[in-house]
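The exercises below ask you to read a single protein chain step by step. Please keep the sequence and the coordinates open while you work, and try each task before reading its solution.

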Amino acid sequence: PPLIVRVFHNKLINYGWDILQIYARHFTADFLFFQGGDPARYRVPFHGLLYLIEAGLLPLGLYQAFRQKKHQKLAVLMLFWLLVSPLPAALTVQEAVSMIRIVTILIPIYFFIAVALLSIPQWLTKQRLQKLSYTVILAAYLWGVAYFFNQYIVYQPRYRPWTRQYIDEQLATKLKPLVDQYQQIVVNKVTGQAYVYLALADLIPLAELQNSYPQRLAASYQLGQFKFVDEACLVGSEPNTLYVIGGNCKAKDIDRSYKVLDEVNYFDDAPGYQLVAPVLR
């Protein structure tokens with residue numbers, strides 16, 4: 001019956017359910033300790049927002065903050081802060097489980113962790129046990145920092161490198177000595193924002209880039225001598241034109257013969273870009 005349908009299938013229920021799911025995912029162990037959130041290009045592989053040792057310190061700090069009278073008023077404020085921090089991310093639809101929009105949550109989290117660290121002497125009265133517990137915590141933090149830097153410096157550039165724009169920076173370096181040889185350079189939007197690094201390399205005037213919004217949201221747009229298009233394997237026949245196509249493009253994907261002048265690959269040699277010129281007949 002229509003009444004039953006309206007009770008269970010309406011905007012309030014559907015949007016509310018999505019918002020609650022996104023909100024709740026910000027308090028999962030996967031988000032906080034093991035994987036992190038969005039955007040993927042900011043994610044450190046297999047590392048969340050916090051160190052693993054803090055999985056034990058955080059609940060201890062929550063308990064101690066409300067147990068001690070001197071911390072109770074501030075604890076209420078911090079708990080409120082903790083609970084409302086995910087709301088901006090929960091109300092969005094892109095990159096919803098966000099590490100950026102939720103950054104303010106770190107302040108109440110580390111308040112409770114600090115309370116936990118300061119309360120250890122109350123839990124362990126013997127000085128020897130206090131020293132042992134602080135030594136274990138320090139060792140766990142040192143291991144956590146070492147693990148983070150290993151994941152960030154060694155692992156991140158090679159793990160799912162297509163989520164980052166390393167190839168755009170290299171593309172700008174490769175194009176710099178070639179710009180004077182061509183009237184136009186057609187760049188296929190492999191990553192979507194190569195123009196940022198071209199501007200940083202002084203290949204696109206900064207003022208022109210700043211004035212190009214919202215034109216650069218279109219499928220095709222021009223910035224100086226650079227034309228950006230959506231077709232990953234487009235090689236045309238325009239004279240004096242260099243084409244930057246996706247690294248996975250093969251001869252069978254392109255309607256005309258061409259010669260590869262150079263290429264840009266990721267750290268793991270996965271193909272990024274090819275710099276090609278059409279062979280005119």
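Two residues are said to touch, or to be in contact, when they have heavy atoms within 4.5 Å. The model is predicted, and every value below is computed from it.

**Exercise 1. Describe the overall dimensions and make-up of the chain.**

Task: state how many helices and strands the chain has, and compare its radius of gyration with that of a compact globule of 281 residues.

Solution. Begin with the secondary structure, which comprises 12 helices and six strands. Next take the radius of gyration, which is 26 Å for the chain, whereas a compact globule of 281 residues would have a value near 19 Å. The box filled by the C-alpha atoms, taken along the principal axes, is roughly 85 × 65 × 35 Å. Then turn to burial: 37% of the 281 residues are buried. The chain exposes about 17,100 Å², and carbon and sulfur atoms supply 61% of that area. Finally, consider the charges, of which 26 are positive and 19 negative, with mean positions 15 Å apart.

**Exercise 2. Work out the largest nonpolar core.**

Task: find which residues touch the most other members of the largest nonpolar core, and which element gives the most to this core.

Solution. The largest nonpolar core holds 28 residues, and those touching the most other members are Leu 175, Ile 185, Ile 204, Phe 226 and Phe 228. The elements giving two or more residues to this core include helix H10 (166-175), helix H11 (195-200), strand S1 (184-188) and strand S6 (271-278). H10 gives the most, with four residues. As a next step, follow Leu 175, which, when residues up to four places away in sequence are not counted, touches Ile 185, Leu 198, Leu 203, Phe 226, Leu 242, Val 244 and Leu 275. A second, separate core of 23 residues includes Phe 33, Leu 50, Ala 65 and Phe 112.

**Exercise 3. Compare the surroundings of Phe 33 and Leu 223.**

Task: for each of these two residues, decide whether the residue is buried or exposed, and list its contacts beyond four places in sequence.

Solution. Phe 33 is placed in helix H3 (residues 29-34). Its relative accessible area is 12%, and it therefore counts as buried, the cut-off being under 20%. Apart from neighbours within four places in sequence, Phe 33 is in contact with His 47, Gly 48, Leu 50, Tyr 51, Leu 52, Glu 54 and Ala 55. Tyr 51 stands 18 residues from Phe 33 along the chain, and their C-alpha atoms are separated by 6.4 Å.

Leu 223 is placed in strand S2, and with a relative accessibility of 1% this residue is likewise buried. With neighbours within four places again left aside, the contacts of Leu 223 are Tyr 195, Ile 204, Glu 208, Leu 209, Ser 212 and Phe 228. By way of a distance check, the C-alpha atoms of Leu 223 and Arg 6, which are 217 residues apart along the chain, are separated by 50 Å.

**Exercise 4. Inspect the backbone for unusual geometry.**

Task: locate the cis peptide bonds that precede Pro 39 and Pro 214, and then examine phi at Phe 46 and Asp 202.

Solution. As background to this exercise, most residues other than glycine have a negative phi, and most peptide bonds are trans. The bond from Asp 38 to Pro 39 is cis, with omega near 0°, and Pro 39 lies in the loop between H3 and helix H4 (54-67). Tyr 213 and Pro 214 are also joined by a cis peptide bond, with omega about 10°, and Pro 214 belongs to the loop between helix H12 (206-210) and S2.

Turning to phi, Phe 46 has a positive value of about 55° although it is not a glycine, and its place is in the loop between H3 and H4. Phe 46 is partly exposed because its relative accessibility is 34%. Asp 202, which is likewise not a glycine, has a positive phi near 65° and is found in the loop between H11 and H12. Asp 202 has a relative accessibility of 66% and so counts as exposed, the cut-off being over 50%.

How values were computed
Residues are numbered from 1 along each chain as its sequence is written. This is a predicted model: local features need pLDDT of at least 70, side-chain atom pairs count only at pLDDT 80 or more; totals for chains, interfaces and linings use all residues. Side-chain values use heavy atoms; hydrogens and water are left out. The radius of gyration is taken over C-alpha atoms; the globule rule is 2.2 Å times the number of residues to the power 0.38. Buried means under 20% relative accessible area, exposed over 50%, partly exposed in between (1.4 Å probe, protein chains only). Accessible areas come from the Shrake-Rupley method with a 1.4 Å probe; for residues, only the protein chains shown count as cover. Lys and Arg count as positive and Asp and Glu as negative; His and the chain ends are not counted. The place of a charge is taken as NZ of Lys, CZ of Arg, CG of Asp or CD of Glu. A nonpolar core is a set of buried Ala, Val, Leu, Ile, Met, Phe, Trp, Tyr and Cys residues joined through side-chain atoms within 4.5 Å.
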